[in-house]
Amino acid sequence: MFPLAKYYITTAIDYVNGNPHLGHAYEKIGADVIARFKRLAGYDAFFLTGTDEHSLNVARQAEAEGLSTQEFCDIMSGRFRNAWDKLNISYDRFIRTTDQDHVATVQDIVRRANERGYIYRGTYSGYYCVSCERFIEKGDLIDGKCPFHPSREPEWVEETNYFFALSEFQEPLLRHIQEHPDFILPAARRNEVVNRIKEGLQDVSVSRSTLTWGVPFPEEIDDSQVVYVWFDALINYLTGAGYTPGTDEFGKWWPADLHYIGKDITWFHCVIWPATLMAAGVPLPETIFGHGFVTFKGAKMSKSEGIVVDPLKVVDSLGADPLRYYLMKVVPHGQDGDFSFEGLAEAYNADLANDLGNLVNRTTAMIKKYFKGQVPSPTGVYGPLDEELKAVEESVAQRAHEMMEELDPTSALSEIWRLITAANKYIEDSAPWVLAREGKRERLATVMLNLVEAIAKGTIMLSPFIPYSSQRIWDILGLQGKPEDIRWDGNLEISSLLPGICVTQTGPLFPRLDMESSDFTKGEFHLAELAKEKKKEGKPGQAGLSAKSPQDSGKGDKKVADLISIDDFAKLDLRVAEVITAERVEGTDKLVRLEIDLGCEKRQIVAGIAQFYKPEELVGKHIVVVANLEPARIRGVESKGMLLAGSTEDRSELAIITVDRPLPKGAKVR
Ligand code: MSP
């Protein structure tokens, strides 16, 4: 066996002075789709994301909330991580710039650049935009304001600190960019960056003497200063790769294959970051991709400008997959795209409920009706319609793969939809109901088998985009394991898996939204939130912590229960179990019936979590259950065990306990 090629992908790390918004979510989803695709394509992929915590904004926000900066960061960073978990972002490490290994890496990189003579002491005076955390040259101010944050006065800063000799890297950077056409993508971003570099590079200040919140400069240089937040933040990519300070061991994953970041921060990533690496004698990353923005009614989503859509509200209303799907569809490769609630609802109904959901439903219903639910074996009765469908399958698998390799999920998605559309057309053209009526069993068998194959292939290719739903379709088809277990390297071969599998039928995969009456499609209720956010702009408590968010309530205001002995604890048989199926208990608002796999046995439990999780979100989760609880009947349904979940005092927020890396089913929790 050849070792798998590695693929190291990173996103920008988000500032924690406000809650995660749809713009942040778009980036994490885009990177997740690429990471999942790479795994599917056979790479050993490592996906890094996290939070950027040493900003001045964050320190000020914490003070306004009456919390220590670290406490504030812990809460806010947790919110980002929770949001990415809810969106099913498959990160391998969630890094925080306050992590100890990161602090050591930052100091070491500063040390390396200093030893090579690129750090010197000087005096800085100029304007600083706290929202961007960047110094702004006078010529770049518009009406005296930062071009990105016109509602906020830039601050005048004058201090003695340490500079990085960026100006020495003008020629090496231009040469590197020219010799590596994929270093900055898309090409339009590369041209912008090249033109700016050609205007000349100024040395930049990389420490702050007036702040205390940050990574201290190395002791041997001057630990009375802290490292400038951007210099600190960029180095997270090396920490995440597994860099060992004091050595030339850059880590298993370095160099990064892809830094996936927003177009507003290309300067830092395409100029400051590679120059820093050159100064420190570290190899450069392969590609920096500057994606576009999600706009809302044409305006950039931005917490400092008060324009935010809360992705979790969308997930609570519709689930993660529809949002993932829609954002990948409407924000094209490297460009901006506009989000609207109406657009999301339309895409949900037309693409997911109609095209995909109905295709699966109709197919499984026909297999149930005509073949007692069992997918028939090939009969050799082929015709031109079959050839046509096969040709679409092959070309879609090939082309969608190429588009993903070109980091263009939007085009890949529309290619995959060509297959979904072709499969729906194949049903109409082959008219299985006529074949059944006329007793053409062999031809009918071919049609059913071909449909299952088209759906299964579509499902594999869709799994990076809509992972929950893909797994669900996979299970409905009766296929073993996960769609991601199949290798998609341009070809997609699964025909041997299909004959004899038994399909099941459940309710609709994507229940249709009633555009007239659904709260969600009215959408404007989110606008009210937006207006509220706007009002709060600049005021203390912007992060909503002083208003005691339900997420944080209960913190510190309840004493823990009385002590128990270790023997008492040992009476509990806590086990890891995988959720196989999940469905709402009819006639109840809160109850979900779960079929779980404990390794040695499968059993049913009932949990009161329906308000917090859609059943499909639960499938595949590795949860923790009390396995030796006496069976009970809840609303007439038998429950053999209980899952563990954490919740706030008032039970307005709840999260299931899962394991954060794979463990065999049935593993004991102790
Ligand atoms: N902390 C820095 C990044 C440091 S990376 C070493 C930062 N943080 S941020 O919270 O302001 O932005 C994080 C990411 O979200 C950036 O890549 C930014 O471009 C992206 N987005 C913020 N708003 C966005 C949209 N409206 N649309 C798409 N992405 C946008 O910058």
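## Two helices, a ligand and some odd backbone spots

Helix H6 and helix H10 cross in a right-handed way (right-handed is when the near helix is turned clockwise from the far one by less than a right angle, left-handed when anticlockwise). H6 covers residues 187-198 and H10 covers residues 266-280; they pack at an angle of about 55°, and their axes are 11 Å apart. The axes are lines fitted to C-alpha atoms over the stretch in contact, and angles run from 0 to 180 degrees between N-to-C directions. That angle makes H6 oblique to H10 (under 35 degrees is roughly parallel, over 145 roughly antiparallel, 65 to 115 roughly perpendicular, and the rest oblique). Helices here are DSSP runs of H or I with at least four residues, strands are runs of E with at least two, and both are numbered from the N terminus.

A quick word on the model: it's predicted, so local features need pLDDT of at least 70, side-chain atom pairs count only at pLDDT 80 or more, and totals for chains, interfaces and linings use all residues. Residues are numbered from 1 along each chain as its sequence is written, and side-chain values use heavy atoms, with hydrogens and water left out.

Now for the ligand. It has 26 residues around it, and Ile13, Glu27, Asp52, Asp264 and Val294 come nearest (near means a heavy atom within 4 Å). Here are some polar contacts, which are pairs of N or O atoms within 3.5 Å:

| Ligand atom | Protein partner | Distance |
|---|---|---|
| nitrogen | Ile13, polar backbone atom | 2.8 Å |
| oxygen | Tyr15, polar backbone atom | 3.1 Å |
| nitrogen | Asp52, side-chain N or O atom | 2.7 Å |

On its own, the ligand has 660 Å² of accessible area, and the protein covers 95% of that (areas come from the Shrake-Rupley method with a 1.4 Å probe). Among the elements giving two or more residues to the shell are strand E2 (14-15) and helix H8 (229-234). H1 gives the most, with four residues. The shell splits into 13 nonpolar, eight polar and five charged residues (Ala, Val, Leu, Ile, Met, Phe, Trp, Tyr, Cys and Pro are nonpolar, Asp, Glu, Lys and Arg charged, the others, Gly among them, polar).

Finally, the backbone. Most residues other than glycine have a negative phi, and most peptide bonds are trans. Leu185 and Pro186, though, are joined by a cis bond with omega of about -10°, and Pro186 sits in the loop between strand E8 (184-185) and H6. Trp254 to Pro255 is cis too, with omega near 0°. Leu407 isn't a glycine, yet its phi is positive, about 60°.

How values were computed
Polar contact = N/O pair within 3.5 Å; in protein donor to acceptor, adjacent residues only side chain to side chain.
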